[in-house]
Amino acid sequence: MSFLKAEWRKLAIANYVVDASVLQKLVPYKTELDLWQGKCYVSLVGFMFLNTKIFGIKIPFHVNFEEVNLRFYVRFKENNEWKRGVVFIKELVPKMAITFVANTFFKEHYQTVPMNHFWKESEERFEIQYSWKIKNSEHSIHLVSKKESKEIPAESEAEFITEHYWGYTKIK
């Protein structure tokens, strides 16, 4: 049984190219950084967890909530096949139980912080914002996008970012 099952909705993603040497110490055992066209990416991702279940159970007041995470991309070779995945540097949520279970049992990097979200939808566009507060400092990710859906082009940066299905962690 999975620790956490949920729908991810209303995603806001910002991708940044970084020097690979900055991430090298965070790369889990038997994985390697996964680069796109020689570039090393980190992504800041905000979204809503909806219909969340912890170990198959809906916990009251922990079903629908925000998350913002910072991640980078790795790959792991198994049976001559690459399994592409992400490593979470930090995951922010407003729910203490999620943080406790993830950090205690799965050695994740969750932090509980006050969070809010804002969505505005018109006929032509979406506006999405996730905000959080750490100590006395306010932070947010905010984007405005066209409403029309488009196919993700093959071999594109967008395909690279979205085609990482595994999660890896570095455990001491």
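Me: In which strand does Leu11 lie?
Reply: This model is predicted. Leu11 is partly exposed, with a relative accessible area of 35%. The element that holds Leu11 is strand β1.

Me: Which residues is Leu11 in contact with, leaving aside its neighbours within four places in sequence?
Reply: Contact here requires heavy atoms within 4.5 Å. With the neighbours within four places in sequence set aside, the contacts of Leu11 are Gly46, Phe47 and Ile128.

Me: What separates the C-alpha atoms of Leu11 and Glu67?
Reply: Along the chain, Leu11 and Glu67 are 56 residues apart. In space, the separation of their C-alpha atoms is 9.8 Å.

Me: How many helices and strands are there in the chain, and in what order do the elements run?
Reply: The chain has three helices and 10 strands. Read from the N terminus on, their order is β-α-β-β-β-β-α-β-β-β-β-α-β.

Me: What is the radius of gyration of the chain, and why does the value agree with a compact globule?
Reply: The C-alpha trace spans about 40 × 40 × 35 Å along its principal axes. A compact globule of 172 residues would have a radius of gyration near 16 Å, so the chain agrees with that expectation at 17 Å.

Me: What percentage of the contacts with a separation of 6 or more is made by residues 24 or more positions apart?
Reply: Buried residues make up 34% of the 172 residues in the chain. Among contacts with a separation of 6 or more, the share from residues 24 or more positions apart is 57%.

Me: What part of the accessible surface belongs to carbon and sulfur atoms?
Reply: The accessible surface of the chain comes to about 11,000 Å². Of this area, the part that belongs to carbon and sulfur atoms is 54%.

Me: Which residues of helix α2 are buried, and which strands do they pack against?
Reply: Helix α2 covers residues 96-106. Its buried residues are Ile98, Thr99, Val101 and Ala102. The strands against which the buried residues of α2 pack are β1, β3, β4, β5 and β6.

Me: Is Ala102 buried or exposed?
Reply: Ala102 has its place in helix α2. Its C-alpha atom is separated by 10.0 Å from that of Ile54, a residue 48 positions away along the chain. A residue is buried under 20% relative accessible area. At 0% relative accessibility, Ala102 is therefore buried.

Me: How many positive and negative side chains does the chain have, and how many salt bridges does the structure hold?
Reply: The chain has 25 positive and 21 negative side chains, and the centres of the two sets lie 7 Å apart. Side chains of opposite charge can pair when their charged atoms come close. The number of salt bridges in the structure is six.

Me: Which residue forms a salt bridge with Glu121, and what parts does the pair tie together?
Reply: The closest N and O atoms of Glu121 and Lys147 are 2.7 Å apart, in a salt bridge. Glu121 lies in strand β7 and Lys147 in the loop between β9 and α3, so the pair ties together parts that are 26 residues apart in sequence. Glu121 is partly exposed at 47% relative accessible area. Also partly exposed, at 29%, is its partner Lys147.

Me: Is Glu127, which forms a salt bridge with Arg125, buried or exposed?
Reply: The closest N and O atoms of Glu127 and Arg125 are 3.8 Å apart. Arg125 counts as partly exposed at 39% relative accessibility. At 15% relative accessibility, Glu127 counts as buried.

Me: What is the N to O distance in the salt bridge of Glu78 and Lys83?
Reply: Glu78 is partly exposed, with a relative accessible area of 32%. Its side chain meets that of Lys83 in a salt bridge, and the N to O distance is 2.4 Å.

Me: What phi does Lys135 have, and where is its place?
Reply: Most residues other than glycine have a negative phi. Lys135 is exposed, with a relative accessible area of 77%, and has its place in the loop between β8 and β9. Although it is not a glycine, Lys135 has a positive phi of about 55 degrees.

Me: Which residue just after α2 takes a positive phi?
Reply: In strand β1, Lys10 has a positive phi near 55 degrees. Just after α2, the residue with a positive phi of about 55 degrees is Lys107.

Technical notes: Residues are numbered from 1 along each chain as its sequence is written. This is a predicted model: local features need pLDDT of at least 70, side-chain atom pairs count only at pLDDT 80 or more; totals for chains, interfaces and linings use all residues. Side-chain values use heavy atoms; hydrogens and water are left out. Helices (H or I, at least four residues) and strands (E, at least two) are DSSP runs, numbered from the N terminus. The radius of gyration is taken over C-alpha atoms; the globule rule is 2.2 Å times the number of residues to the power 0.38. Buried means under 20% relative accessible area, exposed over 50%, partly exposed in between (1.4 Å probe, protein chains only). Accessible areas come from the Shrake-Rupley method with a 1.4 Å probe; for residues, only the protein chains shown count as cover. Lys and Arg count as positive and Asp and Glu as negative; His and the chain ends are not counted. The place of a charge is taken as NZ of Lys, CZ of Arg, CG of Asp or CD of Glu. A salt bridge is a side-chain nitrogen of Lys or Arg within 4 Å of a carboxyl oxygen of Asp or Glu.
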